[in-house]
Number of protein chains: 2
Amino acid sequence: MKLITTNARKDTLKLASLRTPHRDGQLMVVDRTLQRMVAVPAIARTLQEALDHWGEIEGALEAVYQQLNDDTAARPRRFDPTLLAAPLPRAYQWVDGSAYVNHVELVRRARGAEMPASFWTNPLVYQGGSDDLLGPCDPIEAVSEAHGIDLEAEVAVILDDIAIGTPVSAAPTHIKLLMLVNDVSLRNLIPDELAKGFGFYQGKPATAFSPVAVTPDELGAAWRDSKVHLRLSSHLNGVLLGQPDCGVDMTFSFCDLIAHITKTRRLGAGTILGSGTVSNTDRSQGSACIAEKRMLETLALGAPRTPFLTFGDRVRIEMLGPTGASIFGAIDQLVTPAALHGV
Amino acid sequence: MKLITTNARKDTLKLASLRTPHRDGQLMVVDRTLQRMVAVPAIARTLQEALDHWGEIEGALEAVYQQLNDDTAARPRRFDPTLLAAPLPRAYQWVDGSAYVNHVELVRRARGAEMPASFWTNPLVYQGGSDDLLGPCDPIEAVSEAHGIDLEAEVAVILDDIAIGTPVSAAPTHIKLLMLVNDVSLRNLIPDELAKGFGFYQGKPATAFSPVAVTPDELGAAWRDSKVHLRLSSHLNGVLLGQPDCGVDMTFSFCDLIAHITKTRRLGAGTILGSGTVSNTDRSQGSACIAEKRMLETLALGAPRTPFLTFGDRVRIEMLGPTGASIFGAIDQLVTPAALHGV
């Protein structure tokens, strides 16, 4: 008897949040080529609402996505990333891993700190601020250039409800969406902060996200082993900073990280889990943050040469698929002085 | 000419969230004596919605509160804390300070770690998980008694939108509500976690909150200098663990903490800011966590005698006003084995 194998059903979908007077924006379904988008208030008003009821409404969202791709959707509007908030403009949890351990080792060396060997086997995560997540074209508002403003290009996943004690093997189905991240860091505030042991706070201002969030199946064969096997490019003022591959050198997969962060806690739907700054041990493809580049310069030349970001600088983070098309749209941010209290 | 002085208008209000199929529950106004409560869907469906529009709707909520206190509200239901979720069942930020520095010093000593002198002048804060906040009577679900399960009794404030760079002097008006907190900690997981520098994650499972949140004016003269000048009592299985005064020995006021956490970031409405475990240098009133009691036992007797929490233990945290009435209702939790994945 010959076995007939059938492919599992694919869940393909691209979503975004239009900036509106509502703090959570309006959920939009976006077509695969990032040209058209349409609101779906009858299905869900916001992405968080969609995530709260994902199993019930995912099919309806996918039907709209198919219509958009076939150009048969009613009254789509033009996709414009400058009108978008982060896919989740605010979230109930933003936890960021440091899954590219080779990056952690380099940044520590840049700070003159040694990395414990356990970091290769025990994932490092921190909780970031999730009350104020930036849209793809929002400015990086910084109080002072002296803080050492840096980008960190990452991949993140959005999760549904997950039980305590979830093993790696049960984690894959909980990954609902993928995004790109600019985990903005204030390098000169971090050493004192980490020395206190309680994690980052002042050193991590608001984080920015790609225009769209996509289902893992949108990546096709590039999504395997709970890792994204594509390059993530970062540009500074139009010049390539790096385009490391997100699939190689990811010491902990997203499922490894899920098992780690559910050891003693449940996770609520809409939790954002980041990979940490993407980094390759093969240095030929450059870096995904300035700190790493400065460290490599120090090792090669005795001192760093690339300055941290200054007001007026522009950062662009993007990921292209095998055909060269942008999968998530670009994070494209200008560094500006922060709007301070009373000013 | 004689000056006529008028008292500033007082904002008095008690709020809670009834557990419903909706993840954010239903906003309830509760009377001052914690006997009656009523839903206010025409004003706001959830506490987060109220906080998103606080300035516009606070007056309407206070009018209902007055009716409840006068017993003229239409169809109130009986106040029952077992039906309540946390005032914010999930939040966009939960940041916890360690404002009682004398507690930090003791806990560090208990771990054999020295506290840097800067902790007396530079506040310590960590970001906690806010996707899964426990109601006042929800169980403390723990994976293992070997993790060293502990309570931490604290006070927390709920903030509105706050700009970057907000000074201490401008902070008071941003404190909208107060709550009690049980910042559950897994003491035996914390040393390894803090050694990594990225803050708490596995060591801080879900946090629990008091049945009601109240406006600062509800505390009358006991709210001054952005501190609560009342005792916070913690009981273990009906036996008093401690009742330290929250007003003395609070090294950093809530406004000091607000200035610290807005140094490089905006805060979104609904941010929960905790005081850290309440602790007095005068030890006669006991402790607000077991770790501190164990440290004092070690200093006095050479070894700790009080065990951490075990399954079946009950924790009760409450604050009484000058007349002996409970202000926030009680946190009253049973320690139980966690509901694990696949079980």
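How many residue pairs are in polar contact across the interface of chain B and chain A? The points below take up this question first and then turn to the rest of the interface, the relation of the two chains, and a few strands of chain A.

1. This is a predicted model, and across the interface of chain B and chain A the rule finds 42 residue pairs in polar contact, both residues of a pair having pLDDT 80 or more. On the side of chain B that touches chain A, at least two residues each come from α1 (47-52), β7 (125-128) and α5 (254-261) of chain B. Of these contributions, the largest share belongs to β7(B), which supplies four residues. Sorted by class, that side of chain B holds 27 nonpolar, 19 polar and 15 charged residues.

2. Salt bridges can be considered separately, and here the rule finds 10 of them across the interface of chain B and chain A. One that can be looked up in the structure joins the side chains of Asp161(A) and Arg23(B), with a distance of 2.7 Å from N to O.

3. As for the extent of the interface, 61 residues of chain B are in contact with 61 residues of chain A, and the area buried between the two chains is about 5600 Å², with carbon and sulfur atoms giving 49% of it. On the side of chain B, the residues that lose the most area to chain A are Tyr92(B), Phe198(B) and Tyr201(B), which together make up 19% of what that side buries.

4. How the two chains are related can be stated simply: a turn of 180°, with a shift of 0.0 Å along the axis, lays chain B on chain A with an RMSD of 0.0 Å. This is the relation of a two-fold axis. Because 100% of the interface residues of chain B are also interface residues in chain A, the copies meet through the same surface.

5. Within chain A, strand β2 (residues 26-30) and strand β3 (residues 36-39) pair in the antiparallel sense over three bridges, and Val29(A) has Val38(A) in β3(A) as its bridge partner. These two strands, β2(A) and β3(A), form a hairpin with five residues between them, and in the turn Leu34(A) has a positive phi of about 60°.

6. Strand β3(A) also pairs with strand β4 (residues 77-78) of chain A, again in the antiparallel sense, over two bridges. In this pairing Arg36(A) stands opposite Arg78(A) in β4(A). When following such strands by eye, a student may keep in mind that in a regular strand the side chains alternate between the two faces of the sheet.

Technical notes:
Residues are numbered from 1 along each chain as its sequence is written. Chains are lettered from A and ligands numbered from 1 in the order in which they are written. This is a predicted model: local features need pLDDT of at least 70, side-chain atom pairs count only at pLDDT 80 or more; totals for chains, interfaces and linings use all residues. Side-chain values use heavy atoms; hydrogens and water are left out. Contact means heavy atoms within 4.5 Å. Buried area is the accessible area (1.4 Å probe) that two parts lose on being put together, summed over both. A salt bridge is a side-chain nitrogen of Lys or Arg within 4 Å of a carboxyl oxygen of Asp or Glu. A polar contact is a pair of N or O atoms within 3.5 Å; within protein, one must be able to donate a hydrogen and the other to accept it, and residues adjacent in sequence count only if both atoms are side-chain atoms. Ala, Val, Leu, Ile, Met, Phe, Trp, Tyr, Cys and Pro count as nonpolar, Asp, Glu, Lys and Arg as charged, and the others, Gly among them, as polar. Copies are superposed by least squares on the C-alpha atoms of residues with pLDDT of at least 70 in both. Two strands pair if DSSP finds at least two bridges between them.
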